[in-house]
Structure formats: C-alpha cells, structure tokens
Amino acid sequence: MPRECGGPDRTDDGRYVIINGRRWRATDPAVPEDAAAALRSHLMAARRAVREAKRAADDAALRRARERVQRAKVALGERGDPWWEQSGRERDRRWHDGLAWFDGHGER
C-alpha cells in the first residue's frame, strides 16, 4: 500500500506497517485523530519514562512505565486483540477505556 502523508509503507490489507523491513501492527484507523494523538502523546511519555527508569535502575518505575506503554499500545490497537477482529463497539470501547485510564492515572 502506498505511503500516506510520508508515513511508513503498509501491507495491502492495511493491518500492518513495514518499518526497516519488519512488520508491525498498525494503529486502528477507527480511532479518531484527536484520540489517537492523545494516546500517542501518552505512549511517547511512557517510552521516555522507560528510558529514565532504566537509567536510574528503578525496577518499580520501569514496571509502571512499561504498563503505560502497554496500555497506550492496546488502546491504539497495536497490541491485544486484533482491531480487525473486533466489532465497532469493542473498538470504540478499547480506545475510550485507554484514554480514561490515562486520565485517571496521569503521567506518573
């Protein structure tokens, strides 16, 4: 599939992106852009927290940061049950629940 707006190549079915020859699950296209942007922001903050926790050798902080990465990626549809196997209601619930979790937990 051709690149969209300079993004990575996708498989013909649109379910995966190809980055450096590796196939990764694509973000669920049903997630509204504002919600996807918020979740990507949480994901990037969580990845920074992973890096800092590793640097500080803080195992508890590392576990919390990795949990945040996991939650963001699941909410985006990049992990967990494949988004293309979920109903519209399940897909909506997944990203809504992800945003609600971050709203309740902040940027710890």
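These legends describe close-up views of a predicted model of one protein chain.

**Figure 1. The whole chain holds three helices and three strands.** Read along the sequence, the strands come before the helices, in the pattern β-β-β-α-α-α. The C-alpha trace spans about 40 × 35 × 25 Å along its principal axes. The chain has 108 residues, and 35% of them count as buried. Take the contacts between residues at least 6 apart in sequence: 51% of these join residues at least 24 apart.

**Figure 2. Leu39 and Trp95 stand out in the largest nonpolar core.** This core has 19 residues. Leu39 and Trp95 touch the most other members. Helices α1 (33–56), α2 (59–76) and α3 (88–105) each supply at least two residues of the core. In soluble globular proteins, nonpolar side chains tend to be buried together. Which residues does Trp95 contact, leaving aside its neighbours within four places in sequence? They are Ala30, Val31, Pro32, Ala35, Leu39 and Ala75.

**Figure 3. Helices α1 and α2 pack with their axes 8 Å apart.** The angle between α1 and α2 is about 155 degrees. Angles over 145 degrees count as roughly antiparallel, so α1 is roughly antiparallel to α2. The crossing of this pair is left-handed. From α1, the contact uses Ala36, Leu39, Arg40, His42, Leu43, Ala45, Ala46, Arg47, Ala49, Val50, Ala53 and Lys54. From α2, it uses Ala61, Leu62, Ala65, Arg66, Arg68, Val69, Ala72, Lys73, Ala75 and Leu76. Sorted by class, the contact of α1 with α2 has 15 nonpolar, one polar and six charged residues.

**Figure 4. Ala45 sits in helix α1.** Is Ala45 buried or exposed? Its relative accessibility is 15%, so Ala45 counts as buried. Val69 is 24 residues away from Ala45 along the chain. In space, the C-alpha atoms of Ala45 and Val69 are separated by 8.6 Å. Both residues take part in the contact between α1 and α2.

**Figure 5. Helices α2 and α3 pack with their axes 7 Å apart.** Their angle is about 150 degrees. The two helices, α2 and α3, are therefore roughly antiparallel to each other. The crossing of α2 and α3 is left-handed. On the α2 side, the contact holds Glu67, Arg68, Arg71, Ala72, Val74, Ala75 and Leu76. These meet Arg94, Trp95, Gly98, Trp101 and Phe102 in α3. The residues of the contact of α2 with α3 divide into seven nonpolar, one polar and four charged.

**Figure 6. Helices α1 and α3 cross at roughly 45 degrees.** Their axes come within 11 Å. With that angle, α1 is oblique to α3. The crossing of α1 and α3 is left-handed. Helix α1 brings Ala35, Ala38, Leu39 and His42 to the contact. Helix α3 brings Trp95, Gly98, Leu99 and Phe102. By class, the contact of α1 with α3 has six nonpolar, two polar and no charged residues. Leu39 and Trp95, seen in the core view, are both part of this contact.

**Figure 7. Arg91 lies in helix α3.** Arg91 has a relative accessible area of 17%. The cut-off for buried is under 20%, so Arg91 is buried. Which residues does Arg91 contact, leaving aside its neighbours within four places in sequence? They are Asp28, Pro29, Ala30, Trp83 and Gln86. One of these, Ala30, is 61 residues from Arg91 in sequence. C-alpha to C-alpha, Arg91 and Ala30 are 7.5 Å apart. Ala30 is also in contact with Trp95.

**Figure 8. Asn20 and Ala57 are loop residues with positive phi.** Where does Asn20 lie? Asn20 is in the loop between β2 (16–19) and β3 (22–25). Its phi is near 50 degrees, a positive value in a residue other than glycine. Asn20 is exposed, with a relative accessible area of 77%. Ala57 has its place in the loop between α1 and α2. Phi of Ala57 is near 55 degrees, again positive in a residue other than glycine. Ala57 is exposed, with a relative accessible area of 63%.

How values were computed
Residues are numbered from 1 along each chain as its sequence is written. This is a predicted model: local features need pLDDT of at least 70, side-chain atom pairs count only at pLDDT 80 or more; totals for chains, interfaces and linings use all residues. Side-chain values use heavy atoms; hydrogens and water are left out. A nonpolar core is a set of buried Ala, Val, Leu, Ile, Met, Phe, Trp, Tyr and Cys residues joined through side-chain atoms within 4.5 Å. Buried means under 20% relative accessible area, exposed over 50%, partly exposed in between (1.4 Å probe, protein chains only). Helices (H or I, at least four residues) and strands (E, at least two) are DSSP runs, numbered from the N terminus. Contact means heavy atoms within 4.5 Å. Axes are lines fitted to C-alpha atoms, for helices over the stretch in contact, and angles run from 0 to 180 degrees between N-to-C directions. Angles under 35 degrees count as roughly parallel, over 145 as roughly antiparallel, 65 to 115 as roughly perpendicular and the rest as oblique. A crossing is left-handed if the near helix is turned anticlockwise from the far one by less than a right angle, and right-handed if clockwise. Ala, Val, Leu, Ile, Met, Phe, Trp, Tyr, Cys and Pro count as nonpolar, Asp, Glu, Lys and Arg as charged, and the others, Gly among them, as polar.
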